[in-house]
Amino acid sequence: MLTSLALIFLCGLLLGSIFQKLKMPSLIGMLIIGIVLGPYVLNLLDASILNISADLRQLALIIILTQAGLSLDLHDLKKVGRPAVLLSLIPAFFEMGGTILFGIYLFKLPVLDAAILAAVIASASPAVITPRMLKLMETGYGTNKQIPQMIMAGDSVDDITNIVIFTSLLGLAAGTGVSAVRFALIPVSAILGIALGVLLGFILSAVFKKFHMRDSVKIIVILSVAFLFITLEEFADKYLPFSGLLSVMTMGAIILLRRPVVAERISTKFSKLWVGAEILLFVLVGSSMNIGYASAAILKTVVMLVAVLLIRAAGILLCLIKTNLNRKERLFCTFAGIPKATVQAAIGGIPLAMGLPNGDIILTVAVLSILFTAPLGAFILDKTYRHLLTNTSAQTKSMGGNTN
């Protein structure tokens, strides 16, 4: 196992840095080296690592969602208002609908499996989008209309919404079949997840205020509570389901609301944890992909992705009706819906690990969606923001210069 971990981290870092120098997302290099190291190519990874791959990927997802929660300013969300709320729901639902249709007719999937596939690939990637939106906020592009904040908020909640739907659909697949009651419990799961996250967020905020402890200890406490959320979710699913991942993110947002200085310090440390977690996530998901399935499915996957991304863009434009954004700014918002990576890597292999008959297809499409959309989305966002968004800081400097 130790040799496998060394290969994962060293090779992942190497390929990631190479792709970064090529102006492409480092996660693409990690994904490719995972495919090469995995059992379908060189078979260099120990079986003990592959056996706990799903748990390690879930750990990585908890880390990135906790960090997202600690960065999700509820005041910003309130300022952005209706568009951010709509962006967290409508585009994903549009894309899911298109994916279900293509899953049925292109991949010949049953309706439930097509819906699971739709929930997997409908999320935009925080690993690609969040750093770029933070850069825009630092440099002043689009901040006059809070475009980066709106995209970040919508993307964060969008990811959670899709994960809640995904876990609910998995429950259907693992149970006795499709049930109207199970579908009705999806919003209940979300509400209970938020409520539990709010409760623990207030409790931890009070604990951090009353008891002095190092930031590293706070991180251990937060991660431990997050792990308990996931464990409780699995136990409570038989009685009253709730979303543990939504609880994780809500808890982080409440800590930011109540203890902003603490949340900012902890978020910085979580970003350092993400350096290692990201490598594990993308290398391990790459190692799970069957090359045979990929070669057979690549053309169908590309056709489907082009179509559903256009459908998602229509959903984004619908959300921006009656806003003060001009055409260029609305176009930029549609580009932010292109990249997929983090959620697809974290949950794409779960149906296969559960033994679902079409798990291989779902994982393959998830990985191909990352390879196709992550570099494309990153490239388009990097090349267009200067032309499509207003640089507020430059305008301020110009006005200051004119007054002297």
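1. Lys145 is partly exposed, with a relative accessible area of 24%. In this predicted model, Lys145 forms a salt bridge with Glu329, and the closest N and O atoms of the two are 2.9 Å apart. Lys145 belongs to the loop between H9 and H10, whereas Glu329 belongs to helix H16 (residues 327-335), so the salt bridge ties together parts that are 184 residues apart in sequence. The partner, Glu329, is buried, with a relative accessible area of 1%. A partly exposed lysine is therefore paired with a buried glutamate.

2. Gln146 lies in that loop between H9 and H10 as well. Its backbone deserves a reader's attention: Gln146 has a positive phi of about 55° although it is not a glycine. Most residues other than glycine have a negative phi. At 22% relative accessibility, Gln146 counts as partly exposed.

3. Tyr141 is another residue placed in the loop between helix H9 (126-139) and helix H10 (147-174). What is the geometry of the pair that Tyr141 makes with Tyr385? The ring centres are 5.0 Å apart and the planes stand at 85°, so the arrangement is edge-to-face. The count of aromatic pairs in the model comes to one. Because Tyr385 lies in helix H19 (residues 359-388), the pair ties together parts that are 244 residues apart in sequence. Tyr141 is buried, at a relative accessible area of 14%, and Tyr385 is buried too, at 5%.

4. The count of salt bridges comes to seven. Side chains of opposite charge can pair when their charged atoms come close. One of the bridges joins Lys218 and Asp215, at 3.4 Å from N to O. Both residues lie in helix H12 (residues 215-236), three residues apart, which is about one turn of the helix. Lys218 is buried, with a relative accessible area of 4%, and Asp215 is buried, with a value of 13%.

5. Asp215 also meets Arg265 in a salt bridge, with an N to O distance of 2.8 Å. Which parts of the chain does this bridge tie together? Asp215 lies in helix H12 and Arg265 in helix H14, so the bridge ties together parts that are 50 residues apart in sequence. Arg265 is partly exposed, at a relative accessible area of 39%, whereas Asp215 is buried.

6. Lys218 has a further arrangement to note, with an aromatic ring. Lys218 lies over the face of Phe208, at 5.8 Å from the ring centre. The side chain of Lys218 thus appears in two descriptions: the salt bridge with Asp215 and the position over Phe208.

7. Salt bridges also link Glu95, Asp158, Arg312 and Lys340 in a network. A reader inspecting the charged side chains may wish to display these four residues together.

8. Where does Ser288 lie? Ser288 is in the loop between helix H14 (260-287) and helix H15 (291-319). At 17% relative accessibility, Ser288 counts as buried, because the cut-off for that class is under 20%. Leaving aside neighbours within four places in sequence, Ser288 is in contact with Tyr40, Ser53, Arg57, Leu352 and Leu363. Tyr40 is 248 residues away from Ser288 along the chain, yet their C-alpha atoms are separated by 8.2 Å.

9. On the surface, Val85, Leu89, Phe93, Phe94, Leu318 and Ile321 make a nonpolar patch of about 480 Å². Leu89, one of these residues, is placed in the loop between helix H6 (82-87) and helix H7 (90-105). At 31% relative accessibility, Leu89 counts as partly exposed. A patch residue needs over 30% relative accessible area, so Leu89 meets that condition with its 31%.

10. Lys108 is found in the loop between H7 and helix H8 (111-121). Is Lys108 buried or exposed? Lys108 is exposed, with a relative accessible area of 66%. Lys108 has a positive phi of about 60° although it is not a glycine. Gln146 is likewise a residue with a positive phi that is not a glycine, but Gln146 counts as partly exposed.

How values were computed
Residues numbered from 1 in each chain as written. Predicted model: local features only at pLDDT ≥ 70, side-chain atom pairs only at ≥ 80, totals over all residues. Heavy atoms only, no water. Phe/Tyr/Trp six-rings, centres within 6.5 Å; stacked < 30°, edge-to-face > 60°. Helix = DSSP H or I, 4+ residues; strand = E, 2+ residues; numbered from the N terminus. Buried < 20%, exposed > 50% of the residue type's maximum accessible area, 1.4 Å probe, protein only. Lys NZ or Arg CZ within 6 Å of the ring centre and 35° of its normal. Patch = residues over 30% accessible without salt bridge, like charges linked within 9 Å, V, L, I, M, F, W, Y side chains within 5 Å. Areas by Shrake-Rupley, 256 points an atom, 1.4 Å probe, with all protein chains shown as cover. Contact = heavy atoms within 4.5 Å.
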